[in-house]
Amino acid sequence: QVQLVESGGGLVQAGDSLRLSCAASGRTFGTSLMAWFRQAPGKEREIVASISWSSSRTYYADSVKGRFAISRDNAKNTVYLQMNSLKPEDTAVYYCAQGTATGGYINWGQGTQVTVSS
């Protein structure tokens with residue numbers, strides 16, 4: 001089973017950048033799709049970005065396109081989320097998750113808080 005630990009969150013001002021990291025343990029990381037989700041207070045969890053095991057395919061929510069970039073280093077068992085031009089509406093707890101072959105997600109991390117002040 002893959003265990004995921006997120007880091008890199010914090011309190012920043014609008015327009016600033018942050019890079020989130022998700023360190024994974026387990027043998028299946030390198031063959032799994034990985035994704036970042038976020039959940040703001042009072043809102044449902046939503047997918048932010050995903051990346052295929054080979055990094056050949058990525059997906060971004062419309063709300064973050066052009067500002068966020070997902071990447072991974074399979075040698076380090078780590079997936080990243082570079083977040084630029086942050087907005088107050090990006091404030092949320094960010095989670096990474098491992099994708100399954102059937103399109104679901106398993107093995108969620110504990111989350112890292114990102115707070116963007118205006």
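Reader: Asp-62, is that one buried or exposed?
Author: Asp-62 is exposed in this predicted model, because its relative accessibility is 65% and the exposed class begins over 50%.

Reader: And which side chain does Asp-62 meet in a salt bridge?
Author: That would be Lys-65. The N to O distance is 3.2 Å.

Reader: OK, zooming out. How many salt bridges does the structure hold?
Author: Four.

Reader: Let's talk about Arg-67. What does its side chain pair up with in a salt bridge?
Author: Asp-90, at 2.7 Å from N to O. This pair links distant parts of the chain, with the two positions 23 residues apart in the numbering. Arg-67 sits in the loop between β6 (58–60) and β7 (68–73), while Asp-90 is in the loop between β8 and β9.

Reader: Is Arg-67 buried or exposed, then?
Author: Buried: its relative accessible area is 11%, and buried means under 20%.

Reader: Which residues get joined into one network by salt bridges that share partners?
Author: Arg-38, Glu-46, Arg-67 and Asp-90.

Reader: Where is Arg-38, and what about its bridge to Asp-90?
Author: The side chains of Arg-38 and Asp-90 meet at 2.9 Å, N to O. Arg-38 belongs to strand β4 (residues 34–39), and Asp-90 lies in the loop between β8 (78–83) and β9 (92–99). They are 52 residues apart, so this pair too links distant parts of the chain.

Reader: What's the relative accessibility of Arg-38?
Author: Arg-38 comes out at 6%, which counts as buried.

Reader: And the relative accessible area of Asp-90?
Author: 0%, so Asp-90 is buried as well.

Key:
Residues numbered from 1 in each chain as written. Predicted model: local features only at pLDDT ≥ 70, side-chain atom pairs only at ≥ 80, totals over all residues. Heavy atoms only, no water. Helix = DSSP H or I, 4+ residues; strand = E, 2+ residues; numbered from the N terminus. Buried < 20%, exposed > 50% of the residue type's maximum accessible area, 1.4 Å probe, protein only.
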